Amino acid sequence: MVPVVVFLFILVTQVSASRVCPKCGKMKVPYPLRTDENCGDPRYKIYCNNGVLEFMSASGFYYKILSINRRANKLVISPPLIKENACYSSDLGLGGLRLDENLPFNISTRNTVMLFNCSNNILLSPLNCSSSSFCRQFEDVGEGYGCKGTLCCHFLKDASMNSYRIRIRLGGCTAYTSVVDKQPNDPIKLWNFGIELQWF
Ligand SMILES: *[C@@H]1O[C@H](CO)[C@@H](O)[C@H](O)[C@H]1NC(C)=O
Ligand SMILES: *[C@@H]1O[C@H](CO)[C@@H](O)[C@H](O)[C@H]1NC(C)=O
Ligand SMILES: *[C@@H]1O[C@H](CO)[C@@H](O)[C@H](O)[C@H]1NC(C)=O
């Protein structure tokens, strides 16, 4: 009797354990996220490439996953690099970030998005492009330097906006970044750079 119980116990723990994907590098991959066929849920596919966990957009661009909050069903991806010598995000050729609307991920409402090198016609939309916009602080640091002096804007990615896209294009705005849960008076060194996605 005892061996049977032990056997069943092992079987049950192994089956449930195999549904959670193994760590990728140092990061845990909580259910339902899936890095390979033997674990997770197929609708929540992410990628473990050489020990780096990545999220793939609908256009096939890979964004590094910086953190995962299993309880909140949220993960934060890295904004794409902005080329040092030009104010172009590396996903500019793909129109920025675009999520597949058939998948259970969207962009959360806690992202303050900043757009750079915008053309004047963008001013008509509900963005804050004033000289006091947060985006002006980014121009003086690292990657932002390539965007110095360009027209820039910020906005909160709230529920009134398309939650599957952050759009950039030539002749519109050519670079962007995002800060998660930005508080109004936070100095730039406290900004939590990233794009928060939620799954459902
Ligand atoms: C733009 O954002 C800044 C920084 O939060 C704020 O001080 C300013 O009032 C905003 N301007 C407009 C037009 O909303
Ligand atoms: C994302 O999807 C969830 C679940 O469908 C929904 O409740 C939420 O409002 C969506 N987020 C945005 C920003 O539209
Ligand atoms: C800004 O974008 C335009 C195209 O819209 C491009 O010609 C120009 O080089 C960009 N400026 C910078 C600083 O990259």
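Here is a short walk through this structure, from its overall build to one set of strands and then to a ligand. Keep in mind that this is a predicted model.

Let's start with the whole chain. It has 200 residues, of which 30% count as buried. Along its principal axes, the C-alpha trace spans about 75 × 35 × 30 Å. As you trace the chain, you will come across 2 helices and 13 strands. Contacts also link parts of the sequence that are far apart in numbering: among contacts with a separation of 6 or more, 60% are between residues 24 or more positions apart.

Now find strand 5, which covers residues 62-69, and strand 6, which covers residues 74-77; these two run antiparallel and are joined by 4 bridges. Together they form a hairpin, with 4 residues between the strands. In that turn sits Asn73, whose phi is positive, at about 55°. To see how the two strands line up, look at Ile68, whose bridge partner in strand 6 is Leu75.

Strand 6 has another partner as well. Strand 13, residues 195-199, runs antiparallel to strand 6, and 4 bridges join the two. Leu75 turns up again here, with Leu197 in strand 13 as its bridge partner. So you can step from Ile68 to Leu75 and on from Leu75 to Leu197.

Finally, turn to ligand 2. Which residues surround ligand 2? They are Asn106, Thr109, Ala159, Ser163, Gln198 and Phe200. By class, this shell has 4 polar and 2 nonpolar residues, with no charged ones.

Conventions
Residues numbered from 1 in each chain as written. Chains lettered and ligands numbered in written order. Predicted model: local features only at pLDDT ≥ 70, side-chain atom pairs only at ≥ 80, totals over all residues. Pairing = 2+ DSSP bridges. Buried ≥ 20, exposed ≤ 12 C-beta atoms within 10 Å, placed from the backbone. Contact = placed C-beta atoms within 7 Å. Near = placed C-beta within 6 Å. Nonpolar A, V, L, I, M, F, W, Y, C, P; charged D, E, K, R; others polar.
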